[in-house]
Amino acid sequence: MHSLAVYEVVSGMLRGLPPTPRQRRDAFDAPLDVWMRVLTFEGCAVQFERALQGAGWMREAPAGLQRVLRDATGASLRHSVIAHEQLARIGELTERNGIRIIVLKGAARLIAGALGGRRSIADIDLLVDPADAGRLHVLLQAEQGYAVTGPAQRHHLAPLGKSGCLMVEIHRRLANDELPLDRAIWQDTRRVTVGRVTLEIPSAANLLLHALEHATTLNWMSRYRLRDVVDVAECYTSEVSPAVVDAYVSRSGRRPALETLLSAAHDLEPRIPRRRARAWSTVRRVSMARLGVAVPIGDRLIAERLFRYMGVLAEASPATLVRATGRALRWVRAAPRPWRPAVGSGSGHPKLPT
């Protein structure tokens, strides 16, 4: 299948395992739509563009794919500049109003010194004490012109956006369910100067642990994406204490998933201990199953749901299967009756709940 040929080349390049000429030819023969689906699902267009350029194979890629990859990297560079400017303004607002925030995820890595254009960045995630979260939400709208752009989630308030800026999500905690990291992340933070203000970011160990929890707990139905493997490898810097990471992972109820993700990242960052010898086999099996089913589906929403559910089936975790079954039953009960497209949906498919 085209999607599997594409995945093999992308994953091999990110792991530092150059594909054979035959593998590259099979992948580059795939339609552009397939490439875009795989790169979107795996979230790694920018990282793949860098790997392809480094290997000197960009000219072998079809012209359409070259444009997609260069556009992704260009957008990443622009968003990196915007993020710096935006965070400086937000920092001035929070400092003036006595609100403590911690910058999370990609934005935190960016202001800590990571080069722009090395990963996509689509929003700014801020962790705020629940007592101050609502106040900051109001201040950003009243004083900086943000507006609500979508629904709130259990772990963050309604996202905020405005023209020319990245989306801002104000988190009251890190995931839908409470985590030990929700408290620990406020300790041993690092302070970074951005513009005229100083902002806090998590310690190196907590930045890594958040990357792990985000990939396996919050996004539990789409575990082991290539983007997450790369993020974990890049977050495992020399400042990270292996003892702290091991202690956290060993106490987690998601230990198998955390160890699998860490062990897969070992191929990209050898200092990460390999706890599970067949980690990449698991990552590959899960990815092949969901991409093989989801990529050919024309309807985007249905493809996304198939991507998640096939991944859960392929992972074969009993706890995850039970949880996914419960979610599927809730969606079925909430689906419109009789089974037909919702009025005004403009689609030949039912408008499924999100």
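# A walk through a predicted chain

Helices α10 and α12 are roughly perpendicular to each other, because an angle of 65 to 115 degrees counts as such. The crossing itself is at roughly 75°, and the two axes come within 8 Å. The model is a predicted one, and this helix pair is a friendly place to begin reading it. Two packed helices are described by the angle between their axes and the distance between the axes.

Which residues of α10 and α12 meet? From α10 come Asp228, Val229, Val232 and Ala233, and they meet Leu261, Leu262, Ala264 and Ala265 of α12. Sorted by class, this contact has 7 nonpolar residues, no polar ones and 1 charged one. For orientation, α10 covers residues 226–235, while α12 covers 255–265.

Now step past the end of α12. His266 sits in the loop that leads from α12 to α13, a helix of residues 279–294. Is His266 buried or exposed? His266 counts as buried because its relative accessibility is 18%, and the limit for buried is under 20%. Apart from neighbours within four places in sequence, His266 is in contact with Ile272 and Arg274. There is also a link back to α10: Val229 is 37 residues from His266 in sequence, yet their C-alpha atoms are 9.1 Å apart in space.

## The chain as a whole

It helps to step back here. The chain has 354 residues, and 51% of them are buried. Its secondary structure consists of 15 helices and 7 strands. About 16500 Å² of the chain is exposed, with carbon and sulfur atoms supplying 54% of that area. Among contacts with a separation of 6 or more, 65% are between residues 24 or more positions apart.

## Strands that pair

Strand β2 is largely enclosed by the rest of the structure, because 5 of its 6 residues are buried. β2 spans residues 123–128 and has pairing partners in β1 and β5. With β1 (residues 101–103), β2 pairs in the antiparallel sense over 3 bridges, and Ile102 stands opposite Leu127 there. With β5 (residues 167–171), β2 runs parallel and is joined by 5 bridges; Leu126 has Ile170 of β5 as its bridge partner. In a regular strand the side chains alternate between the two faces of the sheet.

Further along the chain, β6 (residues 190–194) and β7 (residues 197–201) pair in the antiparallel sense over 5 bridges. One of the matched positions is Arg190, whose bridge partner in β7 is Ile201. The hairpin has 2 residues between its strands, and Gly195 takes a positive phi near 65° in it.

Just beyond β7 comes Ser203, in the loop before α9 (204–218). Ser203 is buried because its relative accessible area is 13%, and buried means under 20%. Which residues does Ser203 contact, leaving aside neighbours within four places in sequence? They are Asp188, Thr189 and Arg190. Arg190 thus appears again, having already been met as the bridge partner of Ile201.

## Backbone turns worth a look

Most residues other than glycine have a negative phi, and most peptide bonds are trans. Lys105 has a positive phi near 55°, and its place is in helix α6, which covers residues 105–111. Tyr224 also has a positive phi, near 70°, and is found in the loop between α9 and α10. Lys105 is partly exposed, whereas Tyr224 is buried. A glycine with a positive phi, near 65°, follows helix α3: this is Gly43.

Helix α3 itself covers residues 32–42, and its buried residues are Val34, Trp35, Arg37, Val38, Leu39, Phe41 and Glu42. An α-helix has 3.6 residues a turn, so residues three or four places apart point the same way.

## Burial side by side

One more loop residue rounds out the comparison. Pro151 lies between β3 (147–148) and β4 (160–161) and touches His156, Ala158 and Pro159, not counting residues up to four places away in sequence. The table sets Pro151 beside the residues met above.

| Residue | Relative accessible area | Class |
|---|---|---|
| Tyr224 | 2% | buried |
| Ser203 | 13% | buried |
| His266 | 18% | buried |
| Lys105 | 24% | partly exposed |
| Pro151 | 59% | exposed |

How values were computed
Residues numbered from 1 in each chain as written. Predicted model: local features only at pLDDT ≥ 70, side-chain atom pairs only at ≥ 80, totals over all residues. Heavy atoms only, no water. Buried < 20%, exposed > 50% of the residue type's maximum accessible area, 1.4 Å probe, protein only. Helix = DSSP H or I, 4+ residues; strand = E, 2+ residues; numbered from the N terminus. Contact = heavy atoms within 4.5 Å. Axes fitted to C-alpha atoms, helices over the stretch in contact; angles between N-to-C directions. Parallel < 35°, antiparallel > 145°, perpendicular 65-115°, else oblique. Nonpolar A, V, L, I, M, F, W, Y, C, P; charged D, E, K, R; others polar. Pairing = 2+ DSSP bridges. Areas by Shrake-Rupley, 256 points an atom, 1.4 Å probe, with all protein chains shown as cover.
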